[in-house]
Structure formats: C-alpha cells, structure tokens
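Here is a walk through one protein model, picking out a few spots worth a look. Keep the 3D view open and follow along.

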Amino acid sequence: MEIDGPITPTDNYEPLCSEAPPNKRRRKKSIVWEHFTVESMGPGCTKARCKLCTKTFAYITGSKLAGTSHLKRHISGVICPELRKRNQQSPYTPGSRTGGPGSATDPPKKRPRVSQGSARIPFDQDCCSHEIAKMIILHEYPLHVVEHSGFIDFVRTLQPQFSMLNFNTVQGECVALYLKEKQSLLNLISGIPGHVSLSLDLWTSNQTLGYVSLTGYFIDGDWNLQRRILNVVMVPSPESDYAFNQAVVTCLSDWHLEGKLFTLTVDQSLSNETVTGNLRGLLSVRNPLMLSGQLLLGNCYARVLSRLAQDALGAMRETIQKIRDSVKYVKTSESHEEKFIELKQQLQVPSSKHLLVDDQTKWNTTYHMLVAACELKEVFNCLDTADPDYKITPSMEEWKQVETLCTYLKHLFDAANILTDTRYPATNTFFHEVSNIQIELTHASMSQDPFISNLIKPLQEKFDKYWKDCYLVLAIAVVLDPRFKMKLVEFNFNKMYGENAESWIRAVNDSVHELFLEYIAQALPLPALEEGNEGIIKTETPHEGSQEGNLVSTVDGLSDFETYINEITSSQHMKSELDQYLEESLLPRGHEFDILGWWKLNKLKYPTLSKMASDILSIPVCTVGPDSVFDTELRKMDSYRGSLRPATLEALICAKDWLQCESSSSPTITTATLEISKAIVKMEF
C-alpha cells in the first residue's frame with residue numbers, strides 16, 4: 001500500500017478532507033500535534049504517527065473521529081518508550097528546552113490552563129520520601145515495604161526519577177517525622193495552664209516482653225480536651241513489681257511532667273498491692289498530692305466492664321455454646337440459611353436482626369449474637385421441622401435465661417459504648433452511667449429469683465469495689481457540670497443508699513470544698529527564701545533595728561504563715577467562688593451541651609474553680625483506645641513490630657496517633673464550637 005506523505009492536521013474534531021480549500025482549514029489547538037503527524041492510510045482511514053517512536057494510532061475511520069486523549073497518554077512520559085528513555089537519561093526540568101519550536105526532542109508541553117499532568121509539577125525527592133514515611137506510619141505498613149519488588153515497580157512507573165529508599169533510610173524518615181511531631185506536642189503541653197493526667201496500658205508479646213503504653217490527657221489553652229499517646233516503653237520483665245515505675249519515670253522525664261502530673265489510671269487487674277504501692281510512692285515524691293492522694297490512682301472502666309461481661313457469659317457457657325452452634329448451623333451453609341429465612345417469613349417473625357457468629361475476643365459481638373438469636377428464637381424452635389438435620393434447639397427455659405442475661409449485658413454494653421467515641425468524653429459524662437450500673441446490680445443481686453441473684457451477685461461484688469474506688473472522682477466531676485452540680489449526686493445517692501445517703505453526700509461536698517481550698521492555696525504567693533539560707537524566711541521586721549523582730553523572723557519563721565492563714569480566713573468570710581457557683585440555678589439540660597465551652601466562657605468569673613475544672617474534667621477513666629473497649633484479652637504486639645528497635649516502635653505508634661489527631665476534620669477531643677445556643681451555654685455575670 002502506498003502511504004501518502006505527512007498531511008497538515010486540521011481541527012481536532014473535523015474530518016480531514018484533502019479536497020477542502022486551504023483557506024477553510026483551521027489550525028489544530030491540541031498540543032499533541034507537536035509530537036504527532038497525521039497520515040492517510042487509505043480511503044476513509046487516517047492515523048496519527050508519533051514523531052519519536054513512529055508508532056501509529058487511530059485518528060479518523062470513516063466519519064468517526066477517535067479524538068486525542070489516547071495520544072496525550074502516549075506522550076505523558078511513561079508509555080512512549082523513546083520519551084521514557086530520554087527522561088531517564090536527562091530528567092526534564094519544567095521550562096527547559098533542548099531544541100527549537102516543534103522539535104521532536106522537546107518533552108510534552110502543557111498549557112497553563114491545564115491543571116493536570118506531571119510535566120508541570122516539579123519533582124521533589126525529599127517530599128516524596130516524607131510522604132512514603134507518613135503512609136507507612138498511618139497504615140502500619142512494614143518498613144520493608146519499600147524493598148518489595150511490587151512497590152518498587154509501581155513507584156518507578158509512577159515517577160522514574162524517584163531514588164528508591166531502603167529499610168534504613170525509611171526508618172530514618174519515620175523517626176525524623178516522629179521527632180518533629182514530638183517537638184510540636186512538647187510545645188503544646190508546656191503551654192497548658194493546668195495539669196496532665198496519664199493512663200497506663202500493658203501490651204504483651206510472644207517474646208514474653210511487655211510494652212507499656214502511656215497516654216496523656218489534658219485541656220489546652222483553648223479548652224479542648226486532648227488525648228495523645230506519649231510513650232511506648234519496652235519492659236523486659238512486665239511481671240516485675242517495678243516495671244510500671246520504669247515506664248512512668250521515662251514518661252515524666254521525656255515530657256517534663258515532674259510536678260504537673262495529676263492522676264494515673266491503670267488496669268488494676270494487672271497490678272497487685274505492691275505494684276500499686278510502688279506507683280503511689282513514686283508519684284507522691286514527684287508530684288503534689290491533691291485530697292491526700294485520693295484521686296491519684298484510678299482503675300480502667302472498660303476493663304472492669306469487660307471482666308463483668310465475661311463472668312456473666314462464663315456463668316452460662318453451655319447454653320451460650322448451644323446458641324452459638326445453632327447460629328453457625330444457619331450461617332455456614334447457604335441452603336440452611338435459605339430454609340431459615342423462608343421459615344422466618346412463614347412465621348411472620350418481625351425481627352430485623354441479622355444472625356452473626358461472634359468473635360470471642362470481643363464480648364460485644366457475643367452480646368449481639370445472643371440478642372439476635374433471642375429475637376429469632378421462634379424460628380429456631382421450628383427449624384427442626386423444616387430441616388430434620390438441625391438437632392441443637394435450646395429449650396424454652398434456656399431461651400428465657402439468655403434473655404435475662406441480655407437484659408443485664410445491655411447495661412454493660414451501653415456504658416462501654418460511650419468509650420468508643422473517638423472524641424473522648426470529659427469525666428463528668430460517667431457519674432450517672434456508673435451509679436446506674438451500681439443501682440441495677442445491687443437490686444438484681446437481692447432478687448427473689450435465684451437464677452438472677454446467683455448470676456448477678458458475683459458481678460455486683462466486683463463492681464462495688466470499683467464504685468468505692470472511683471465514685472469520688474466521678475462525683476466531683478459531675479458537680480463541676482453546671483447542669484447538675486450537687487443535685488444529681490443527691491438524687492442518685494438517695495436512690496442508692498436511702499436513709500444512709502446523707503453521709504455519702506456529705507463526703508462528696510466536703511471533698512469538693514477541700515479540693516477547692518487546695519487550689520486557693522496553690523494560687524497564693526509563697527514567701528520568698530533568703531538565698532543560701534533555705535530555712536530562713538525573708539520578712540520585714542516590725543521595727544527597723546529591733547532585735548526582737550529579727551528573732552521572730554529567723555528563729556520562729558511563722559509570721560508569714562500567720563499572714564497566709566489570715567488571707568484564707570478572710571476569704572472564707574466572703575462567699576467563695578465555689579459557694580457562689582453551687583448556689584446559682586442549674587443550666588437547662590441540652591443534648592449538645594459543651595461543658596468545656598461553658599468553663600471557657602466563665603473562667604473570668606470563676607478563675608480558681610475553672611483551674612480545678614480543667615484538671616478534674618480531663619481525668620481518664622479508661623486505659624484503652626476506642627477500638628479495644630470490648631476486648632476480652634490484653635493487646636498483643638505482633639511479631640514484626642516486636643522485632644523492631646524499641647525507639648523505632650515507639651516512634652511508629654506515637655506518630656500515627658499524633659498524625660491522626662492532626663488530620664481529623666473535627667478535633668480529636670474538643671469543644672465543638674463556641675457558637676452554641678444561649679439556652680445551652682451562657683456567660684454568667
């Protein structure tokens with residue numbers, strides 16, 4: 001076939017006609033025609049030929065126009081082999097030219113109006129390396145992913161100029177990113193007006209090593225509640241009585257928290273009295289104790305609920321296994337499930353629940369399995385008639401017992417579910433929920449039904465211990481909620497203790513006032529000491545040159561103490577911030593009430609009480625993250641991460657937490673907005 005010479009291209013979407021008068025031809029606008037020629041391949045067939053690799057592409061077939069998108073893709077720098085080879089030999093810098101206009105050696109041009117295309121984006125090796133490190137951290141990819149052949153091929157195809165990283169370089173990138181983020185967080189923590197509270201959790205591993213995770217909770221200068229993983233410390237002997245001390249000391253030192261720590265929350269099932277005593281001794285030396293240390297150590301609410309749920313499920317192990325086997329029978333066979341659904345429709349069972357086989361490492365999945373099965377018990381009871389192979393039907397008594405169990409599991413599930421919110425709730429949230437569980441379990445343990453009392457009494461005894469350890473912190477927190485103050489404490493304690501409620505209410509009221517006085521004392525200026533004379537207080541003598549005055553100040557040293565007492569006493573004659581706050585009317589309860597926003601707006605009116613509120617409302621009640629609230633086992637470090645250097649492991653875990661907090665569209669644990677309805681949050685004068 002004879003091929004005609006190159007033909008000058010016409011408009012993009014106008015069929016080429018060799019007989020058309022030259023003055024009717026319009027100049028093509030697409031940049032691809034600087035890299036292609038249009039050639040006639042025969043009647044009704046015109047193709048575009050690449051000037052570099054000479055490959056031809058469809059352009060016009062009959063009256064059908066192929067367009068130019070496929071031509072643009074060819075010269076993008078990846079598909080055309082000649083252009084790709086030239087890019088690898090001499091990387092293209094945008095704006096550079098190696099020949100005259102229309103030269104075949106020119107790289108593809110992009111007009112300014114086009115926003116897409118790699119030719120207009122300058123290549124930055126450091127930026128790409130940073131983004132790879134960020135990707136590895138956020139998605140927990142192994143560091144060796146940069147050495148995987150598939151990843152290397154993908155990156156080279158995407159950007160041939162990129163110099164591939166190895167394990168050591170990407171590890172360095174991840175640690176550098178961690179150190180940068182750590183400095184930012186250090187600056188944030190150093191500027192907060194109040195204290196920091198910690199929670200401590202233990203991860204296990206196959207190597208019998210322990211990993212102690214320490215998470216900090218604090219309210220920043222904008223009254224946002226912040227939650228950040230601060231340290232992941234490897235401890236060679238997690239069963240040691242001093243293992244937790246080692247981790248806490250590391251955290252206090254790394255983040256300059258000596259004197260700033262307020263409380264520490266631990267899973268007390270992991271510790272004995274010796275471990276707890278060691279922690280209390282350590283923290284007592286390094287930090288001032290508020291309320292004589294009554295608030296210092298807390299227990300993990302999520303782990304307490306998890307153990308209660310496991311105990312309740314364990315008490316009915318055989319019956320639950322029978323229901324689990326029934327659910328498996330239906331869900332593991334399509335024919336069985338079809339018969340089950342058909343029978344459900346025939347019986348007109350209204351339940352919308354779907355059967356699921358539980359994951360026994362998450363107790364909430366077992367709860368959901370039982371709830372769904374109970375709603376569909378009528379179908380299970382008749383299933384043996386439709387399917388003779390089904391022979392596991394629980395008895396009516398067993399169904400009744402499981403329904404009773406689910407009633408009490410629901411209390412635990414609803415309470416734990418609050419902790420699954422990524423916006424960790426302030427401490428005032430928990431008093432009502434925890435006290436309601438205490439009330440429900442106490443009443444159930446005294447039930448006349450022996451099944452209920454035998455099931456619940458062991459749970460109530462365990463929860464009662466938790467309640468006595470935590471009620472004071474939770475009660476003080478709810479007193480600092482202007483919707484409730486002391487009223488909710490009085491209401492719940494009267495339900496709980498009846499005629500004995502007065503002593504419990506008085507204990508909370510006295511503790512709130514005592515704690516407030518301690519904050520008042522902290523705000524008072526301390527008398528200065530003479531430099532070099534630590535035991536002598538610098539004071540003015542009553543009369544200049546009086547020997548008696550000098551003796552009082554240097555020997556007795558209590559004149560400033562009298563001034564200090566006089567200031568406290570005189571302030572007590574006036575109505576304190578706390579008394580004024582408690583006597584004012586309650587705010588109306590609103591669904592979206594922002595307690596931290598309220599304290600931010602009212603901190604000028606209650607300067608001391610607001611400092612107390614910022615510390616109390618940030619006390620953590622839980623040591624685990626939202627994804628581990630329902631776990632029945634301790635978290636376990638996987639073998640790959642356990643093989644990393646401890647410093648690298650800490651960098652990966654902490655940096656992921658910090659990056660997620662930054663990238664969240666709504667702040668991690670924050671006040672939603674200060675533009676809240678005046679009916680919910682109001683500034684008081």
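## A mostly covered helix

In α22, the buried residues are T608, L609, S610, M612, A613, S614, D615 and I616. That is eight of the ten residues of α22, so this helix is mostly covered. Bear in mind that the model is a predicted one.

What do the buried residues of α22 pack against? Two strands are on the list, β6 and β8 (261-266), along with the helices α15 (450-479), α17 (501-523), α20 (577-583) and α21 (595-601). For a single residue, take T608, which sits in α22 (residues 607-616). T608 has a relative accessible area of 12%, which is under the 20% cut-off, so T608 is buried. Leaving out residues up to four places away in sequence, T608 touches F516, Y519, I520 and E577.

## The overall picture

Stepping back, the protein has 24 helices and ten strands. Of its 685 residues, 45% are buried. Among contacts with a separation of 6 or more, 69% are between residues 24 or more positions apart.

## A helix with one buried face

Now for α12 (residues 377-386), where the buried residues are V379, F380 and L383. Looking down the axis of α12, these buried residues fall within an arc of 95 degrees, so they line one face of the helix. The general geometry helps here: an α-helix has 3.6 residues a turn, so residues three or four places apart point the same way.

Which elements cover the buried residues of α12? The cover includes α9 (317-331), α10 (334-347), α11 (363-375) and α13 (396-417).

## Two more buried residues

M637 is in strand β10, a short run given as residues 636-637. Its relative accessibility is 3%, so M637 counts as buried. Setting aside neighbours within four places in sequence, M637 is in contact with W203, T204, S205, Y211, G642, L649 and I653. How far apart are M637 and L209 in sequence and in space? They are 428 residues apart along the chain, while their C-alpha atoms are 9.4 Å apart.

S511 belongs to helix α17. At 8% relative accessibility, S511 counts as buried too. Its contacts, not counting residues up to four places away in sequence, are L291, L472 and I476.

## Cysteines without partners

How many disulfides does a search of the whole structure find? The count is zero. C127, for instance, is in no disulfide, and the nearest cysteine sulfur, that of C128, is 5.8 Å away. For a disulfide the two sulfur atoms would have to be within 2.5 Å, so C127 and C128 do not qualify. C127 is partly exposed, with a relative accessible area of 40%.

C251 is in no disulfide either: the nearest cysteine sulfur is that of C654, 9.3 Å away. Is C251 buried or exposed? At 0% relative accessibility, C251 counts as buried.

## One cavity

The structure holds one cavity of 30 Å³ or more. The largest cavity has a volume of about 50 Å³. The residues lining the largest cavity are L261, F262, P288, L289, M290, G293, L295 and L296. By type, that lining divides into seven nonpolar residues, one polar and no charged. Gly counts as polar under the scheme used, so G293 is the polar one.

## Two positive phi angles

Most residues other than glycine have a negative phi, and most peptide bonds are trans. W223 has a positive phi, near 60 degrees, and is not a glycine. W223 is in the loop between β6 (210-219) and β7 (225-235). With a relative accessible area of 7%, W223 is buried.

S292 is another non-glycine residue with a positive phi, here about 55 degrees. Where does S292 lie? S292 is in the loop between α7 (273-286) and β9 (297-299). At 63% relative accessibility, S292 counts as exposed, whereas W223 is buried.

How values were computed:
Residues numbered from 1 in each chain as written. Predicted model: local features only at pLDDT ≥ 70, side-chain atom pairs only at ≥ 80, totals over all residues. Heavy atoms only, no water. Helix = DSSP H or I, 4+ residues; strand = E, 2+ residues; numbered from the N terminus. Buried < 20%, exposed > 50% of the residue type's maximum accessible area, 1.4 Å probe, protein only. Contact = heavy atoms within 4.5 Å. Arc of directions from axis to C-beta. 1 Å grid on protein atoms, 1.4 Å probe; cavity = no way out; pocket = protein on both sides within 12 Å on 5 of 7 lines; lining within 4 Å. Points joined across faces, edges and corners; volume = space filled by probe spheres on them.
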